[in-house]
Amino acid sequence: MASPVGHVALGLAAAAVVARATGTPDSTALWLGAAVASGIPDLDVAFPLVGLSKRYHRNATHSLLFAAAVIMAGLAVLRALEPDLARGVVLGWIAALLSHLLLDVVTTGPTLGRLGWGIPLLWPVSRKRFYVSRPFLVGDRTESHSLADRLREAREDAVRIVPVAALVVLVAKLVP
Ligand SMILES: [Zn+2]
């Protein structure tokens, strides 16, 4: 389970790779949009604020169907409001959104998996929750119950995920 720090870092890295591949120049829209897109699936953490169980976190919003719905809705809005936006910018945002699901899978290890916090990528077709037996970049995290737990995870992501993401951005931008 990655923190917002890890998600934004990987989202920017994904956008950088897409921008490189599509020859899209830097822009505020590219980076800001990628940062926002990388956090969209975790908007479900707000559900408890309206009285829903915290177990709504990591359900439908962490499925490929939800990602597809966000992409389709986003494309429709852009077509109406910003039809001239560069294709590479939009693809960068999509990559950042999808990077959220990838990062959540590879940073969810056996302990969180056993507790039912894997990612239901195939919801609603399948209830299977995806996680890995050996988390990538982070340790085998367990449930975070307090602000202190979340800050510790954010610090760990800043040290372990951000440098890797920064390296990807650098390579994408500097390698000829
Ligand atoms: Zn998430």
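Biologist: What is the handedness of the crossing where H3 passes H4?

Modeller: Right-handed: that is how H3 passes H4 in this predicted model.

Biologist: And what makes H3 roughly antiparallel to H4?

Modeller: The two pack at about 160 degrees, with axes 11 Å apart. Angles over 145 count as roughly antiparallel, so H3 is roughly antiparallel to H4.

Biologist: Which residues of H3 and H4 meet there?

Modeller: From H3, Ala-67, Val-70, Ile-71 and Leu-78; from H4, Val-90, Ile-94, Leu-97, Leu-98 and Leu-101. By class, that contact has nine nonpolar, no polar and no charged residues.

Biologist: Now H1 and H4. Why is H1 called oblique to H4?

Modeller: Their axes cross at roughly 140 degrees and come within 7 Å. Roughly antiparallel needs an angle over 145, and roughly perpendicular runs from 65 to 115. The H1 and H4 angle of roughly 140 degrees fits neither, so H1 ends up oblique to H4. The crossing of H1 with H4 is right-handed.

Biologist: How does the contact of H1 with H4 split by class?

Modeller: Ten nonpolar, eight polar and one charged. Among the residues that meet are Gly-6, Gly-11 and Ala-15 in H1, and Gly-88, Gly-92 and Trp-93 in H4.

Biologist: Which residues touch the most other members of the largest nonpolar core?

Modeller: Leu-12, Ala-15, Ala-34, Trp-93 and Ala-96, out of 34 residues. H1, H2, H3 and H4 each give two or more residues to this core, and H1 gives the most, with ten.

Biologist: What is Trp-93 in contact with, leaving aside neighbours within four places in sequence?

Modeller: Ala-15, Gly-33, Ala-34 and Ala-37.

Note on methods: Residues are numbered from 1 along each chain as its sequence is written. This is a predicted model: local features need pLDDT of at least 70, side-chain atom pairs count only at pLDDT 80 or more; totals for chains, interfaces and linings use all residues. Axes are lines fitted to C-alpha atoms, for helices over the stretch in contact, and angles run from 0 to 180 degrees between N-to-C directions. Helices (H or I, at least four residues) and strands (E, at least two) are DSSP runs, numbered from the N terminus. Angles under 35 degrees count as roughly parallel, over 145 as roughly antiparallel, 65 to 115 as roughly perpendicular and the rest as oblique. A crossing is left-handed if the near helix is turned anticlockwise from the far one by less than a right angle, and right-handed if clockwise. Two residues are in contact if their C-beta atoms, placed from the backbone, lie within 7 Å. Ala, Val, Leu, Ile, Met, Phe, Trp, Tyr, Cys and Pro count as nonpolar, Asp, Glu, Lys and Arg as charged, and the others, Gly among them, as polar. A nonpolar core is a set of buried Ala, Val, Leu, Ile, Met, Phe, Trp, Tyr and Cys residues joined through C-beta atoms within 7 Å. A residue is buried if 20 or more other C-beta atoms lie within 10 Å of its own, exposed if 12 or fewer, and partly exposed in between; C-beta atoms are placed from the backbone.
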